[in-house]
Amino acid sequence: MIKKLCSYPGCHKVVEAGVKYCDKHRETDRKKYREYKQRRMRDEQEARRQQFYNSKAWEQFRAAQAAAQLGIDIYEYYTTGRIIDAENYHHIQEITEAWARRLDAANVIGLSEANHRRIHKEYDRSLSICHWRTRSTNRLEECL
């Protein structure tokens, strides 16, 4: 059986592989996540976004987009020709920038987790380079 150290900083207890924390520190992740979520929900705009993503309207719209896009990662298919499952439905123009387009079928694209992370990484990296963001937004829109 493979063992490892507890992931809590400074703890030297040995736990099973696949277990993150020892018994003493097991609640750490949950507690940190609760605190993180509470901090985020103090922001009025973030609370509004989270309320939207938990709404029936978004769930129904997302299901309709999955059916319309055959549940595949459109970006991957467009760029490589490979067919892989879409795990996320990404707003090309983020709802922080275009709230009115939050349920616009031409603004939502199915992506795999890897492509979703890759696109957000490029978005974050290019905040100061507006032309890349415009190009990437146009490229994602072309996929649809």
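**Notebook: aromatic cluster, pocket and one loop residue**

I began with the aromatic side chains, where ring pairs link Phe52, Tyr53, Trp58, Phe61 and Trp99 into a cluster. I note at the outset that the model I am reading is predicted, and that my search of the whole structure for aromatic pairs returned 6 of them. The pair I looked up first in my notes joins tyrosine 53 and tryptophan 58, which meet edge-to-face with 5.4 Å from centre to centre and 85° between the planes. I then checked how far each partner is covered: tyrosine 53 has a relative accessible area of 31% and is therefore partly exposed, whereas tryptophan 58, at 5% relative accessibility, counts as buried.

From tryptophan 58 I followed the cluster to phenylalanine 61, and this pair is tilted, with 5.9 Å between the centres and 35° between the planes. I recorded it as tilted because 35° lies neither under 30 degrees, as stacking would need, nor over 60, as edge-to-face would need. Both residues belong to helix α3, and because they are 3 residues apart there, about one helical turn separates them. Phenylalanine 61 is buried as well, since its relative accessibility of 13% falls under the 20% limit.

**Overall layout**

I next stepped back to the whole chain, for which I find 6 helices and 4 strands, arranged from the N terminus as β-β-α-α-α-α-β-β-α-α. Of the 144 residues in the chain, 31% are buried, and the accessible surface comes to about 10,000 Å², with 51% of it belonging to carbon and sulfur atoms. Taking the contacts between residues at least 6 apart in sequence, I see that 48% join residues at least 24 apart.

**The largest pocket**

Where does the lining of the largest pocket come from? I find that α2 (44–53), α3 (56–68), β3 (88–91) and α5 (113–125) each supply at least two of its residues. The volume of this pocket is about 310 Å³, and 17 residues line it, with Tyr53, His91, Ile95, His116 and His120 lying nearest its centre. By class, I count the lining as 4 nonpolar, 7 polar and 6 charged residues. Tyr53 thus appears in my notes twice, as a member of the ring cluster and as one of the residues nearest the pocket centre.

Among the residues nearest the centre, I picked out histidine 116, which is found in helix α5. Is histidine 116 buried or exposed? Its relative accessibility is 18%, so I enter histidine 116 as buried. Setting aside residues up to four places away in sequence, I list Asn88, His90 and Leu111 as the residues that histidine 116 touches.

**A loop residue for contrast**

My last entry concerns aspartate 85, which lies in the loop between α4 (74–80) and β3. Its relative accessibility is 60%, and because exposed means over 50%, aspartate 85 counts as exposed. Leaving out neighbours within four places in sequence, I still find aspartate 85 in contact with Gly71, Ile72, Asp73 and Ser112. I also looked up its distance to glycine 110, which is 25 residues away in sequence, and the two C-alpha atoms are 8.4 Å apart in space.

Notes. Residues numbered from 1 in each chain as written. Predicted model: local features only at pLDDT ≥ 70, side-chain atom pairs only at ≥ 80, totals over all residues. Heavy atoms only, no water. Buried < 20%, exposed > 50% of the residue type's maximum accessible area, 1.4 Å probe, protein only. Contact = heavy atoms within 4.5 Å. Areas by Shrake-Rupley, 256 points an atom, 1.4 Å probe, with all protein chains shown as cover. 1 Å grid on protein atoms, 1.4 Å probe; cavity = no way out; pocket = protein on both sides within 12 Å on 5 of 7 lines; lining within 4 Å. Points joined across faces, edges and corners; volume = space filled by probe spheres on them. Nonpolar A, V, L, I, M, F, W, Y, C, P; charged D, E, K, R; others polar. Phe/Tyr/Trp six-rings, centres within 6.5 Å; stacked < 30°, edge-to-face > 60°.
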